[in-house]
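Colleague: I'd like to learn how to read a model like this one, feature by feature. Could you walk me through it?

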Amino acid sequence: MMPMTPEVMKKQAEEAELMHKLIDLSGGAVQKSRALVAAARLNIAAAIGAEPKSCEKLALEVGCDEECLYRLMRALSQIGIFKETEESRVFENTRLSTALAQDNFRDLVMMTGLSCNYRAWEVFPETVKRGKSDLTEVLGGIPTIWQFLKTRPEDEMVFGKAMSALTNKLTPMLVAQSDFTKFDTVCDLGGSQGTFISAILRANPTIKEGINFDLPTVIEKNKLNEARNKQLDPRFKEVGGDFFKEVPAADCYVLKNTLHDWNDECSVKILKSIASAMKPGAKIYVYDFLLSNEKNENLSSVVWMDLNMLQLCNGKERTLANWEHISVETGLKIERVQRAPKENMTSLVIFTK
Ligand SMILES: C[S@@+](CC[C@H](N)C(=O)[O-])C[C@H]1O[C@@H](n2cnc3c(N)ncnc32)[C@H](O)[C@@H]1O
């Protein structure tokens with residue numbers, strides 16, 4: 001037996017720490033992510049509400065095995081989601097889990113938990129080697145996330161709700177900071193459930209027509225959404241199509257968190273298709289994250305979003321230099337850049353002919 005000298009003990013403790021750190025960084029993310037998504041799906045935060053609640057009561061309310069629920073809550077409490085009170089096995093909400101009790105935040109967590117997201121990441125090392133993501137194998141023979149979602153209407157609905165949730169959170173700031181006063185027709189390309197164009201119309205009575213443009217399957221599904229349809233502005237119109245082929249004529253095109261889904265080659269094609277439909281003097285408003293050009297140790301979580309875009313759809317988050325490259329490739333000019341105060345907030349890049 002090796003003698004347990006203080007030096008040996010110290011080395012062992014250091015190695016245990018390294019081991020746990022590496023395991024946590026490599027596998028812990030999956031466990032934490034799955035645990036958080038489970039909490040969102042079970043809607044535990046809403047079940048706790050404003051008062052602490054025992055695991056026994058919670059298990060009955062959300063329909064779970066009490067012991068497993070306790071272990072889930074204990075683990076999530078380690079990362080700031082829920083907090084065990086002085087009283088054993090009684091939990092209360094934290095700032096994070098209180099957010100999770102709200103539909104918009106919950107929708108976003110449910111989206112990141114979609115099976116296509118987890119499957120996609122299985123082949124990330126191949127993406128880094130090849131310089132391109134190919135999900136055909138992990139998505140059971142379907143090449144893209146968009147086509148995969150079409151085969152899973154429930155997942156597509158979760159995705160759509162999450163997109164609307166993002167928009168609901170961002171809308172007031174983005175609409176307030178953008179000038180739509182000179183446009184008769186504004187068209188949101190890849191507008192999903194039409195939340196953003198609806199908000200633009202609400203804030204801009206001078207716009208004559210607001211078009212929500214998305215894939216025909218998305219538009220068909222929107223038309224079945226009676227609750228939403230009841231609230232629609234009479235100026236709201238919906239068009240299904242493919243923005244690589246043809247888009248409606250408009251004075252202003254809005255692309256919010258849409259071009260980051262596509263690589264430069266595809267983004268150039270989309271912008272060229274817009275360029276051929278633009279009315280004279282029309283503008284293109286691109287709302288996306290704007291990464292700083294500089295090497296910066298304080299880069300935000302957007303660099304992780306960038307990897308996600310790469311893996312899920314060969315997309316990317318862009319720097320201003322990246323947008324300048326796209327401007328050269330499309331022949332469109334960058335008229336103005338409205339950089340958000342923080343990198344993890346959405347910026348606006350305006351293109352014109
Ligand atoms: C990331 S979502 C952005 C949704 C919305 N702009 C927002 O910020 O909430 C991208 C949208 O582009 C749509 N889309 C993908 N390919 C498309 C295509 N070829 N033509 C039109 N829309 C497309 C998707 O259906 C999806 O709604």
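Colleague: Let me start with a single residue: in which loop does Phe82 lie?

Modeller: Phe82 lies in the loop between α4 and β2. Bear in mind throughout that this is a predicted model.

Colleague: What is the phi of Phe82?

Modeller: The general idea is that most residues other than glycine have a negative phi. Phe82 has a positive one, near 75°, and isn't a glycine.

Colleague: Is Phe82 buried or exposed?

Modeller: Count the neighbours: 20 or more other C-beta atoms within 10 Å makes a residue buried. Phe82 has 24 of them, so Phe82 is buried. Compare Arg89, which has a positive phi of about 65° and is not a glycine either. Arg89 is found in the loop between β2 and β3, and because 16 C-beta neighbours lie inside 10 Å, Arg89 counts as partly exposed.

Colleague: Those loops lead into strands. How are the strands ordered in the sheet that holds β2 and β3?

Modeller: In general, strands of a sheet pair through backbone hydrogen bonds, either parallel or antiparallel. Here the order is β1-β3-β2, an open sheet of three strands with antiparallel pairing. β1 (53–54) and β2 (83–84) are the edge strands; each has a single partner strand, so one side of each lacks a neighbour in the sheet. If you want to trace the pairing, β2 and β3 (residues 90–92) are joined antiparallel by two bridges, and Lys83 sits opposite Glu92 in β3.

Colleague: At what angle do the axes of α3 and α4 cross?

Modeller: Roughly 110°, with the axes of α3 (residues 55–62) and α4 (residues 66–78) coming within 9 Å. Angles of 65 to 115 degrees count as roughly perpendicular, so α3 is roughly perpendicular to α4. At the contact, Cys55, Glu56, Leu58 and Ala59 in α3 meet Glu66, Leu69, Tyr70 and Met73 in α4. By class, that contact has six nonpolar, no polar and two charged residues.

Colleague: Now the seven-stranded sheet. Which strands stand at its edges?

Modeller: Read the order before anything else: β6-β5-β4-β7-β8-β12-β11, an open sheet with mixed pairing. β6 (236–240) and β11 (333–338) are at the edges, and since each has a single partner strand, one side of each is left without a neighbour in the sheet. The twist from one strand to the next averages 20°.

Colleague: How many bridges join β5 to β6?

Modeller: Five, with β5 (residues 209–214) and β6 running parallel. Phe213 is opposite Val239 in β6. Then look at what lies against the sheet: α11 (residues 195–203) packs on it, touching β4 (185–189), β5, β6 and β7, and the direction of α11 makes about 170° with that of β5.

Colleague: Which residues of α11 are buried?

Modeller: The general point for helices is that an α-helix has 3.6 residues a turn, so residues three or four places apart point the same way. In α11, the buried residues are Thr195, Phe196, Ile197, Ser198, Ile200 and Leu201. They pack against α10, β4, β5, β6 and β7.

Colleague: And β8: which of its residues point which way?

Modeller: In a regular strand the side chains alternate between the two faces of the sheet. In β8, Lys283, Tyr285 and Tyr287 point one way, while Ile284, Val286 and Asp288 point the other, and all are buried. That is six of the six residues of β8 (residues 283–288), so the strand is largely enclosed by the rest of the structure. β7 (residues 252–256) runs parallel to β8, joined by five bridges, and Leu255 has Val286 in β8 as its bridge partner.

Colleague: What surrounds the ligand?

Modeller: A shell of 17 residues, with Met163, Gly190, Ser192, Phe243 and Asn257 the closest. Helix α10 (residues 153–177) supplies the largest share, three residues. By class, the shell has seven nonpolar, six polar and four charged residues.

Colleague: To zoom out, how many helices and strands does the protein have?

Modeller: There are 16 helices and 12 strands. Of its 353 residues, 30% count as buried, and the C-alpha atoms fill a box of roughly 80 × 45 × 40 Å along the principal axes. Among contacts with a separation of 6 or more, 66% are between residues 24 or more positions apart.

Technical notes
Residues are numbered from 1 along each chain as its sequence is written. This is a predicted model: local features need pLDDT of at least 70, side-chain atom pairs count only at pLDDT 80 or more; totals for chains, interfaces and linings use all residues. Two strands pair if DSSP finds at least two bridges between them. Helices (H or I, at least four residues) and strands (E, at least two) are DSSP runs, numbered from the N terminus. A residue is near a molecule or strand if its C-beta atom, placed from the backbone, lies within 6 Å of it. Ala, Val, Leu, Ile, Met, Phe, Trp, Tyr, Cys and Pro count as nonpolar, Asp, Glu, Lys and Arg as charged, and the others, Gly among them, as polar. Axes are lines fitted to C-alpha atoms, for helices over the stretch in contact, and angles run from 0 to 180 degrees between N-to-C directions. Angles under 35 degrees count as roughly parallel, over 145 as roughly antiparallel, 65 to 115 as roughly perpendicular and the rest as oblique. Two residues are in contact if their C-beta atoms, placed from the backbone, lie within 7 Å. A residue is buried if 20 or more other C-beta atoms lie within 10 Å of its own, exposed if 12 or fewer, and partly exposed in between; C-beta atoms are placed from the backbone.
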